[in-house]
Amino acid sequence: GIEIPTLCEHKAVLPYGVCRLCVVEVKWGKKSKLVIACVYQPGEGDIVETDCTRVRQTRRVVLELLLARCPHVAQVQRLGKEYGATPARFHVAEGAAAQERCILCGLCVRVCKDVIGQSAIGYCNRGGERMITSPLGIDSEKCIGCRACVHVCPTGALHFEDHDGERVMRELHTHLPMANCSVCGTPFVTQKQLAGLKGRTAVLIETLETCPDCRRKQTGRGLGKIQVSG
């Protein structure tokens, strides 16, 4: 029930401690240190301060850095206001760089590797030039266009667009042909993702090749035939 801020937590992956916002102070007698709450294993006798002056000051510095990198991200703005953070002490992104939305939380990288099992994207460069991209900044052969990275991104830095039978994920330089629903003919999944699912799930092929809308309609028709006896 204690509110601890975070921007890199998601139930799909294990805690990783990237954003550093969940910092807390642990004390043992006269000794104390700052730790990352999501990856710290508390011990007997630990006294944990979750909202003391030292903790708030540390979170404020982290948020000042994030605001300097991504000044227009709503989540960062909200937390910055809560902790009194301003990017004034650090260089603030200008021009096109000011539209940056990636906070380098790594959720997309981790879900692609640990949940989807593809490792199609990763980190590139160091320091202020660090970014997340596909290998060599070109179409990744491992990307199946599943959109998991888009769904877990906390700041809307990643997007996808289905157009003319192709799925485009422009930030990741990915263009993938799509497969059509076997019932209505609407493109609904990439060919790569469909091929991968056929080898990894017990779901019937006929179901996999049917779009969600048609599946719901077929399920509804099936339920309509059920007779309830008194």
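**Close-up views of a predicted model**

**View 1. The buried and exposed sides of helix 2.** In this predicted model, helix 2, which spans residues 74-82, has Val76, Leu79 and Gly80 as its buried residues. Because these residues cover an arc of only 105 degrees around the axis, they fall on the same side of helix 2. An α-helix has 3.6 residues a turn, so residues three or four places apart point the same way. Arg78 and Lys81, by contrast, are exposed on the other side of helix 2. The cover over the buried residues of helix 2 includes helix 1, residues 53-69. After helix 2 comes Gly84, a residue with a positive phi, near 70 degrees.

**View 2. The surroundings of Cys22.** Cys22 belongs to the segment that precedes strand 1, itself made of residues 23-28. With a relative accessible area of 5%, Cys22 counts as buried, because buried means under 20% relative accessible area. When residues up to four places away in sequence are not counted, Cys22 touches Ile4, Pro5, Val35, Ile36, Ala37, Cys38 and Arg59. One of these contacts, Ile4, is 18 residues from Cys22 along the chain, and the C-alpha atoms of Cys22 and Ile4 are separated by 5.7 Å.

**View 3. The largest pocket and its lining.** The largest pocket holds about 640 Å³ of space, and 32 residues line it. Among these lining residues, Arg69, Glu100, Arg101, Cys102 and Met131 lie nearest the centre of the largest pocket. Helix 1, helix 3 (107-116) and strand 5 (131-133) are the elements that give two or more residues to this lining. Divided by class, the lining of the largest pocket consists of 17 nonpolar, 7 polar and 8 charged residues.

**View 4. The second largest pocket.** The space in the second largest pocket amounts to about 250 Å³. Its lining is made up of Val18 and Cys19, then Val62, Leu65, Leu66 and Arg69, and finally Ile103, Leu104, Gly127 and Gly128. By class, the residues that line the second largest pocket comprise 7 nonpolar, 2 polar and 1 charged. Arg69, listed here in the lining of the second largest pocket, also appears among the residues nearest the centre of the largest pocket.

Notes. Residues are numbered from 1 along each chain as its sequence is written. This is a predicted model: local features need pLDDT of at least 70, side-chain atom pairs count only at pLDDT 80 or more; totals for chains, interfaces and linings use all residues. Side-chain values use heavy atoms; hydrogens and water are left out. Buried means under 20% relative accessible area, exposed over 50%, partly exposed in between (1.4 Å probe, protein chains only). Helices (H or I, at least four residues) and strands (E, at least two) are DSSP runs, numbered from the N terminus. The arc is that of the directions from the helix axis to the C-beta atoms. Contact means heavy atoms within 4.5 Å. On a 1 Å grid over the protein atoms alone, a cavity is a set of points where a 1.4 Å probe fits but cannot get out, and a pocket is an open set with protein on both sides within 12 Å along at least five of seven lines; lining residues have an atom within 4 Å of a point. Grid points are joined across faces, edges and corners, and a volume is the space filled by probe spheres set on the points. Ala, Val, Leu, Ile, Met, Phe, Trp, Tyr, Cys and Pro count as nonpolar, Asp, Glu, Lys and Arg as charged, and the others, Gly among them, as polar.
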